[in-house]
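Here's a quick briefing to read alongside the sequence and the 3D view. Have both open and follow along as we go.

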Amino acid sequence: GAVELSGRATPWGRAASGPGPAGWSVDLAVDRLEAREAAGFAAPALFRGGRILAEAIPAERRLELTSLELPAAFDDAGPLRLHAEGLATLEEAGPRLAMRFGADGFGAEALKRAWPVFAAPGAREWVEENVAAARITGMSGAFWMAPGETPEVTMEFGFEDLSGTILDGMPRLEGAAGTGHVTLARFEMAFDAAQTTPPGGEPISLAGSRFVIPDLGVDPPAAAPVTRGEGRLADLLALIDQPPLRLTRRLDADLSGIEGRAEVEARLSFRLLKDLDVDDVGVAASARISDLAMTAPGDGPRIVSNDLALEATPEAFRLWGGATIDGRPAQVAWTERFDASLPPDRRRDVSATLTLRPADLAEFGLSPGLEMPRGRISAQVQLTGAGFGDGFAVDADLGPAALRIAEIGWEKTVGEPGRLRVSGRIADDGAVTLDAFDLS
């Protein structure tokens with residue numbers, strides 16, 4: 001690089017030993033400073049109109065940097081004005097340096113230009129490739145080094161109006177604001193506000209999300225972002241189905257008519273490499289679902305819930321909680337296993353525990369032969385087979401119900417033990433075929 005300085009050095013005091021001043025007050029104008037790639041920058045960086053105020057004490061081999069103001073002349077990247085202060089001493093074992101630095105508001109492009117390539121390079125590369133635009137509201141940091149010690153660097157910054165991506169293939173972040181923290185070992189951004197919009201959907205709030213590179217010493221470094229989203233359930237399901245995640249499409253079920261809202265947390269892990277495949281990304285998503293309304297696949301019953309839990313990983317999908325099924329209170333559970341080595345009929349478990357009424361018996365082909373004058377039946381209904389409704393199994397506790405089968409002269413009173421086990425199949429036209437019937 002090259003530097004052009006002008007100014008003065010004013011002596012002060014008298015040296016404790018020998019002739020000469022005790023020190024010098026330095027006031028220099030930085031007329032021009034060009035830092036080239038060899039100095040650690042991705043492209044030549046030009047600074048003009050700066051100023052250095054310092055105190056030099058030769059006998060102590062000590063330099064006190066009172067103030068450094070260094071405006072950058074980035075014509076294509078916007079303004080950036082660095083400031084710093086610190087202390088440097090030259091000891092027998094080597095130099096010791098402690099410095100604080102910072103900058104006021106500037107743009108993302110100026111940050112990329114001024115960020116040395118040797119300082120937290122994994123974090124710098126991620127910012128270079130994934131942050132399309134942002135305003136850095138303020139930046140402050142510190143640098144420390146001493147003989148025989150590992151240097152330390154820390155930097156804090158605020159940002160707003162950020163747009164970019166967390167992971168290639170995922171929808172773009174817009175309007176993000178928050179704070180960041182960088183050391184030589186770790187990089188983290190916390191989003192106080194952000195939103196994204198899946199294809200064909202509505203905006204999803206991502207406030208509370210974080211992007212973390214926990215160990216910058218690994219090559220290539222691994223990212224461990226935590227994405228928190230709040231919005232329409234259909235949009236959040238679409239979000240976690242974008243490449244390379246592709247979580248919900250593995251269900252092989254039509255969820256287009258689903259309604260509701262959800263709060264989702266997705267924990268990701270992936271190496272900072274290009275062209276990641278689904279197998280290169282670790283993901284575990286969980287959600288709380290409210291205001292759910294849907295028709296079960298296969299023209300099944302209407303399901304409504306205000307409190308369902310969801311978990312999804314590349315290995316399995318699970319949904320459970322309280323709901324109403326065609327108006328009847330129930331506990332529901334749906335599990336999908338994505339292990340291709342399993343037989344098709346073992347990959348899906350769908351069950352509901354609910355209270356049956358006389359009309360419900362008719363739906364399973366059990367009435368009018370089986371009558372329930374009063375009481376109730378607590379039953380667990382399980383769907384079996386590779387598809388929804390291919391088969392069913394019912395295990396019912398008849399104790400709380402008064403029942404009778406007039407044709408065979410059988411009846412029981414409320415409180416008398418009883419058990420009903422039924423299994424069968426449901427055809428595409430709704431016809432029910434019973435495979436087993438056991439009443440005790």
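E129 is exposed, because its relative accessible area is 53% and the cut-off for exposed is over 50%. Keep in mind that this is a predicted model. E129 lies in helix α2, residues 121-130, and belongs to a patch of negative charge on the surface.

**Helix α2 and the negative patch**

- E129 shares the negative patch with E125, D168, D219 and D275.
- Which residues of α2 are buried? They are G122, A123, R124, W126, V127 and N130.
- Cover for those buried residues comes from several elements, including helix α1 (108-114) and the strands β9 (131-145) and β10 (152-164).
- Also among the elements covering the buried part of α2 are β12 (187-196) and β14 (210-213).

**The nonpolar patch**

- Over on another bit of surface, I426, V432, L434 and F437 make up a nonpolar patch.
- Together these four have about 310 Å² of accessible area.
- Which strand gives the most to this patch? That's β29, residues 432-439, with three residues.
- F437 sits in strand β29, and it counts as partly exposed because its relative accessibility is 45%.

**Salt bridges**

- How many salt bridges does the count come to? The total is 23, and a few of them are worth a look below.
- R100 and E85 pair up through their side chains, with 2.2 Å from N to O. R100 is in strand β7 (residues 94-103) and E85 is in strand β6 (residues 80-91), so this salt bridge ties together parts that are 15 residues apart in sequence.
- Of that pair, R100 counts as exposed at 54% relative accessibility, whereas E85 is partly exposed at 31%.
- R232 and E202 form another salt bridge, where the closest N and O atoms are 3.8 Å apart. This one links distant parts of the chain, 30 residues apart: R232 is in strand β16 (residues 226-232), and E202 is in the loop between β12 and β13 (204-205).
- R232 is partly exposed at 33% relative accessibility, and E202 is partly exposed at 42%.
- R337 and D349 also meet in a salt bridge, at 2.8 Å from N to O. Here the link runs between strand β21, which holds R337, and strand β22 (residues 348-356), which holds D349; the two residues are 12 apart.
- R337 counts as partly exposed at 31% relative accessibility, and D349 is partly exposed too, with a relative accessible area of 26%.
- R32, E34 and R36 are joined into one network by salt bridges that share partners.

**T335 in strand β21**

- Strand β21 covers residues 328-337, and T335 lies in it.
- Is T335 buried or exposed? T335 counts as buried, because its relative accessibility is 18% and buried means under 20%.
- What does T335 touch, leaving aside its neighbours within four places in sequence? T335 is in contact with F317, R318, R347, R348 and D349.
- D349 turns up twice here: it is a contact of T335 and the salt-bridge partner of R337.

Key
Residues are numbered from 1 along each chain as its sequence is written. This is a predicted model: local features need pLDDT of at least 70, side-chain atom pairs count only at pLDDT 80 or more; totals for chains, interfaces and linings use all residues. Side-chain values use heavy atoms; hydrogens and water are left out. Patches are made of residues with over 30% relative accessible area and no salt bridge: like charges are joined within 9 Å, nonpolar side chains (Val, Leu, Ile, Met, Phe, Trp, Tyr) within 5 Å. Accessible areas come from the Shrake-Rupley method with a 1.4 Å probe; for residues, only the protein chains shown count as cover. Helices (H or I, at least four residues) and strands (E, at least two) are DSSP runs, numbered from the N terminus. Buried means under 20% relative accessible area, exposed over 50%, partly exposed in between (1.4 Å probe, protein chains only). Lys and Arg count as positive and Asp and Glu as negative; His and the chain ends are not counted. The place of a charge is taken as NZ of Lys, CZ of Arg, CG of Asp or CD of Glu. Contact means heavy atoms within 4.5 Å.
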